[in-house]
Amino acid sequence: MAENIIVDASEPADGVLSGLDVFVGGPIQHAILSTGFVGGLQDAITTAIGTVTEHGATVFSAHVVERFGEQTAAFTPEQVSVRDFRWMKKCDVFVPVLPLLDDGTLRRTDGTHVELGWATALGRPIVMITKQPFAESASHLLKGLHRVGAVQVIDYDDFTQKPALLVDAVLAATERQREAIVAGLVA
């Protein structure tokens, strides 16, 4: 079983994100229903992955590796923890997709919240895709994360209507990193 599968566009439509590693996250365990993976969430994550790869980024995605829940059981907790932490240390930006349930509360996603902590502690910029304003059910730590980390938020509905918002946000979040790449300061 592969530990580090990435999605990489071989011929990007435009390479404005070339040289960047983007970790796209979001619910998996609590998005697997008896009928399959939550359709709207799968569409949003697939759109996020496609949008950044089309613009030249390399994407790390447990959703791709685990085939949106079909292969989740093939991985141990230890493998998932090590894999995702390695991706977080390597990525240039973390893009968590945090959807709402029909009742307006956030869908449970313990792993994504751990990853948000890792991203903040490691100084990785975060471009969060979630409904704005934050759902009442969102924790104080999630709502206040921008005070301790480099966090941008794209409204979930706006993103589904205009996925290019993600490219603009990733460009803004990684401006210094891209300058270093252009200057040849990053290996």
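Reader: Hi! Among contacts in the protein between residues at least 6 apart in sequence, what share joins residues at least 24 apart?
Author: Hello! That share is 76%. Keep in mind that this is a predicted model.

Reader: Thanks. How many helices and strands does the protein have?
Author: The secondary structure consists of eight helices and eight strands.

Reader: And how does the radius of gyration sit with the globule rule?
Author: The radius of gyration is 16 Å, close to the 16 Å that the rule gives for 187 residues, so the protein is as compact as a globular protein of that length. Along the principal axes, the C-alpha atoms fill a box of roughly 50 × 40 × 30 Å.

Reader: Nice. What about the inside, which residues of the largest nonpolar core touch the most other members?
Author: Those are Met128, Ile129, Leu166 and Val170, in a core of 51 residues. Helix H1 gives the largest share of this core, six residues.

Reader: What does Val170 contact, leaving aside neighbours within four places in sequence?
Author: Val170 is in contact with Leu17, Leu20, Val22, Val52, Val93, Val95 and Val127.

Reader: Back to H1 for a second: is Thr51 buried or exposed?
Author: Thr51 lies in H1, which spans residues 39–54. Thr51 counts as buried because its relative accessibility is 8%, and buried means under 20%. Not counting residues up to four places away in sequence, Thr51 touches Pro163 and Val167.

Reader: Last topic, the surface and charges. How much area does the protein expose?
Author: About 9700 Å², with carbon and sulfur atoms supplying 53% of that. As for charges, there are 14 positive and 23 negative ones, and their mean positions are 6 Å apart.

Note on methods:
Residues are numbered from 1 along each chain as its sequence is written. This is a predicted model: local features need pLDDT of at least 70, side-chain atom pairs count only at pLDDT 80 or more; totals for chains, interfaces and linings use all residues. Side-chain values use heavy atoms; hydrogens and water are left out. Helices (H or I, at least four residues) and strands (E, at least two) are DSSP runs, numbered from the N terminus. Buried means under 20% relative accessible area, exposed over 50%, partly exposed in between (1.4 Å probe, protein chains only). Contact means heavy atoms within 4.5 Å. A nonpolar core is a set of buried Ala, Val, Leu, Ile, Met, Phe, Trp, Tyr and Cys residues joined through side-chain atoms within 4.5 Å. The radius of gyration is taken over C-alpha atoms; the globule rule is 2.2 Å times the number of residues to the power 0.38. Accessible areas come from the Shrake-Rupley method with a 1.4 Å probe; for residues, only the protein chains shown count as cover. Lys and Arg count as positive and Asp and Glu as negative; His and the chain ends are not counted. The place of a charge is taken as NZ of Lys, CZ of Arg, CG of Asp or CD of Glu.
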